[in-house]
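The following exchange explains how terms are applied to the structure shown below. Each answer sets a value beside its definition.

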Amino acid sequence: MRKPLIAGNWKMNTDLAEGISLIEEIKKCELSQNVEAAVIVPFTHLTKVKETLSNCNISVGAQNMYYEKKGAFTGEISPIMLKSIGVDYVIIGHSERRQIFHEDDELLNKKLHAAFDAGITPILCCGETLEEKQDNRAKDRVKEQITEDLKNIPKENVAQMVIAYEPIWAIGTGETASADDAETMCSFIRNLIGELYDNTTKQSIRIQYGGSVKPENIKEIMEKENIDGALVGGASLQGDSFVKLVNF
Ligand code: PGA
């Protein structure tokens, strides 16, 4: 049985005081035990957020990391650093990293290896642009990303990781893929994992949908067989809205 994961990706939002007050608000609410909740916060907030959530069942993640363990890489954060403060998850290859910061599949593959080496669970993002969707190339694009990004990653690791399907045209735009379209792609991804690995891996990997998920559409999305959760940006920045998402 795959436990659904609802993860709030705060992106570059909130200063520390605002972030902690959001965490305090979430902490006060009752969250479903059948769902894993995670907050993916800015680097500057991680230590304090971990501390604030110390007795809670809420996972904590980082939004990015570099693949080297240490060294002369000014401005970067290593997997060892994240592990040393008890970070559970790290997002790898969010479309904003791919598009704005030009992160390519070769780099993302290195980051995935490094996350596993450090014992941090990666949430690998994939998804097509509007143009690729209009050209009917969405599946090819997603297949290409996943195949490249997972190169030489052993199946035991893949079975534990999370893939987030996030069509780029649906991120922060208010436009969501229909639950049926999201399911079609998530099922395509699951079958691809079956082809690349085996049936056990295919059945155990968690696949999320992301892109304008909100309390109004989460239920419909979560009813789908191959969707094991959501990666949520905008709607995770308000306590009540995040709690509604977790308690869908
Ligand atoms: P959104 O962002 O929910 O604001 O569309 C999702 C994401 O980028 O992970």
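Q: What makes residues contacts of Gln208, leaving aside its neighbours within four places in sequence?
A: Contact means heavy atoms within 4.5 Å. By that criterion, and with neighbours within four places set aside, Gln208 is in contact with Leu5, Ala7, Ile123, Val162, Ile163, Ala164, Tyr165, Cys186, Gly229, Ala230 and Leu231. The model is predicted, with local features requiring pLDDT of at least 70 and side-chain atom pairs pLDDT 80 or more, while totals for chains, interfaces and linings use all residues. Residues are numbered from 1 along each chain as its sequence is written, and side-chain values use heavy atoms, without hydrogens and water.

Q: Why does Gln208 count as buried or exposed?
A: Buried means under 20% relative accessible area, exposed over 50%, and partly exposed in between, with a 1.4 Å probe and protein chains only. Gln208 has 0% relative accessibility, and therefore counts as buried. This residue lies in strand β7, residues 206–210; strands (E, at least two residues) and helices (H or I, at least four) are DSSP runs numbered from the N terminus.

Q: What does the side chain of Gln208 reach, and at what distance?
A: The side chain of Gln208 reaches the backbone oxygen of Leu5 at 2.8 Å. A polar contact is a pair of N or O atoms within 3.5 Å; within protein, one must be able to donate a hydrogen and the other to accept it, and residues adjacent in sequence count only if both atoms are side-chain atoms.

Q: Why does Asn152 count as buried or exposed?
A: The relative accessibility of Asn152 is 69%, so this residue counts as exposed. Asn152 is placed in the loop between α7 (138–149) and α8 (155–160). Its phi is positive, about 60°, although Asn152 is not a glycine.

Q: How do you know that helix α12 is mostly covered?
A: In α12 (residues 239–246), six of the eight residues are buried. They are Gly239, Ser241, Phe242, Val243, Leu245 and Val246. These buried residues pack against β1 (5–9), α1 (16–28), β2 (36–40), α11 (218–222) and β8 (229–232).

Q: Which residues are closest to the ligand, and how many surround it?
A: A residue is near a molecule or strand if one of its heavy atoms lies within 4 Å of it. There are 13 residues around the ligand, and the closest are Lys11, His94, Glu166, Gly172 and Ser212.

Q: What is the distance from an oxygen atom of the ligand to the side chain of Lys11?
A: An N or O atom in the Lys11 side chain is 2.7 Å from a ligand oxygen. A backbone N or O atom of Gly172 also lies 2.7 Å from an oxygen atom of the ligand, and a polar backbone atom of Gly234 is 2.9 Å from a ligand oxygen. Lys11 is found in the loop between β1 and α1, and has a positive phi of about 55° although it is not a glycine.

Q: Why is the chain called as compact as a globular protein of that length?
A: The chain comes to 12 helices and eight strands. Its radius of gyration is 17 Å, close to the 18 Å that the globule rule gives for 248 residues, so the chain is as compact as a globular protein of that length. The radius is taken over C-alpha atoms, and the rule is 2.2 Å times the number of residues to the power 0.38.
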